[in-house]
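Let's take a walk through a protein model together. Have the structure open and turn it as you read.

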Amino acid sequence: MFVDQVKVYVKAGDGGNGLVAYRREKYVPLGGPAGGDGGNGGDVVFQVDEGLNTLMDFRYKRHFKANRGENGMSKGQHGKNAEPLILMVPPGTTVRDEETGQIIADLLYHGQQAVIARGGRGGRGNIRFATPRNPAPDMAENGEPGRERDIQIELKLLADVGLVGFPSVGKSTLLSVVTAAKPKIADYHFTTLAPNLGVVETEDQRSFVLADLPGLIEGAHEGIGLGHQFLRHVERTRVIVHVIDIAGTEGRDPYEDYLTINEELKAYDESLSDRPQIVAANKMDLPEAEDNLKAFTEKVDVPVYPISTITRAGIRELLFAAADILDTIPKDNKPIEEQEERVVYRHEQEPEAFRVSRDSDGSFVLTGERIEKLFKMTDFNRDESVRRFARQLRGMGVDEALREKGAQDGDTVRLLEYEFEFVE
């Protein structure tokens, strides 16, 4: 089954908790703090495997969670970092954040990796909080929560040449004739429900990947027919072979069909109108084809190759023409060993520290990514950690914001599933 679009949930591993421990050793009085840091949580990583050509693995399993880091240990030992969770995807996979629509990764080359959700940092042990004023701190941090997000994964096939055209013009037959692919072929519309790929080898030993895309109809860019969900596969083809039923077997006008499909491609993506295109005038073995071909070639300004997928006439010339054009277009996807090392840093908007709102029962509610993360990293079983958390809230301006909202001594303040009492 061909799957090219799925939504999944990923959760990176939480960091391990820091430890509160003290050095206890004979002849070493006042040994001091010795609690180690927690290990980092595992990242969720996507890696390209050129042996895959579908997102089938994500169809039935939609939740992926990486392991959390190991907790810190005594004698200042660091907890073990968790291994990343590596998920294999086919080349041509685009990963998008479902909430913001931002593209997280565009994976093209075999072995290419992208971190989709970063694991949390390990919490610091009490050895990290020792100061001259407090040489034996009784507190440690919990691990930072790993990032979690809903993502949309799309597959855009990486084919050199794409076959486009109305249904039943002979695209699948052409693919089956020139490659070893075995697409389903029948005499009804929309026989092809998923793209098919095949490798073409010309007589002069040149080869390229050919994709048979499901038939397009008028309005395909708006989602009519099957076009909308498969038009994205045309985006990455380097040459478009436009297959036309030149005999007009269903009473259609070949020139009108040619204009309609090109309008659909342009409406979906303006850049497709600049893509090199050649026309395969199919079904030349039928009557009226010769007359229609003459009229058609007078109206268009692109190369037209008369072919017949039944008699195989003209196919050799068509493949040579496609290979010649491909030779003039450099591939975008260089082999990974020739790529320059490049790291892209993207500016990310600083998350809002906190928001104050009120519930229907009159209590004050604190929300916000930063304050919630701070809360989760606090060990509320230790008084020193609680006091540190209170100081951090004060530093963020939470007390002042609550007063401005009308909070008074004894009012309830809610953060996640916990409640506090506001004290002046």
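We'll look at a sheet, then a pair of helices, then some empty space inside. Keep in mind that this is a predicted model.

Start with the sheet. Four strands make it up, lined up as β15-β16-β17-β18, and it is an open sheet with mixed pairing. At the edges you'll find β15 (355-358) and β18 (418-421), each pairing on one side only. Going from one strand to the next, the twist averages 30 degrees. Now zoom in on β15 and its partner β16 (residues 364-367): the two run antiparallel and are joined by four bridges. One place to spot this is Arg358, whose bridge partner in β16 is Phe364.

Next, the helices. Two packed helices are described by the angle between their axes and the distance between those axes. Here, α7 (residues 369-376) and α8 (residues 383-396) have axes that come within 11 Å and cross at roughly 170 degrees. Angles over 145 degrees count as roughly antiparallel, so that is how α7 and α8 lie to each other. On the α7 side, Arg370, Ile371, Leu374 and Phe375 make the contact, while α8 brings Phe389, Gln392, Leu393 and Met396. Sort these contact residues by class and you get six nonpolar, one polar and one charged.

Finally, the gaps. There are four cavities of 30 Å³ or more, and the largest has a volume of about 50 Å³. What kind of residues line the largest cavity, by class? The lining has nine nonpolar residues, with no polar and no charged ones. Among them are Val161, Phe208 and Leu318. Helix α6 gives the most to this lining, with three residues.

How values were computed. Residues are numbered from 1 along each chain as its sequence is written. This is a predicted model: local features need pLDDT of at least 70, side-chain atom pairs count only at pLDDT 80 or more; totals for chains, interfaces and linings use all residues. Side-chain values use heavy atoms; hydrogens and water are left out. Two strands pair if DSSP finds at least two bridges between them. Axes are lines fitted to C-alpha atoms, for helices over the stretch in contact, and angles run from 0 to 180 degrees between N-to-C directions. Angles under 35 degrees count as roughly parallel, over 145 as roughly antiparallel, 65 to 115 as roughly perpendicular and the rest as oblique. Contact means heavy atoms within 4.5 Å. Ala, Val, Leu, Ile, Met, Phe, Trp, Tyr, Cys and Pro count as nonpolar, Asp, Glu, Lys and Arg as charged, and the others, Gly among them, as polar. On a 1 Å grid over the protein atoms alone, a cavity is a set of points where a 1.4 Å probe fits but cannot get out, and a pocket is an open set with protein on both sides within 12 Å along at least five of seven lines; lining residues have an atom within 4 Å of a point. Grid points are joined across faces, edges and corners, and a volume is the space filled by probe spheres set on the points.
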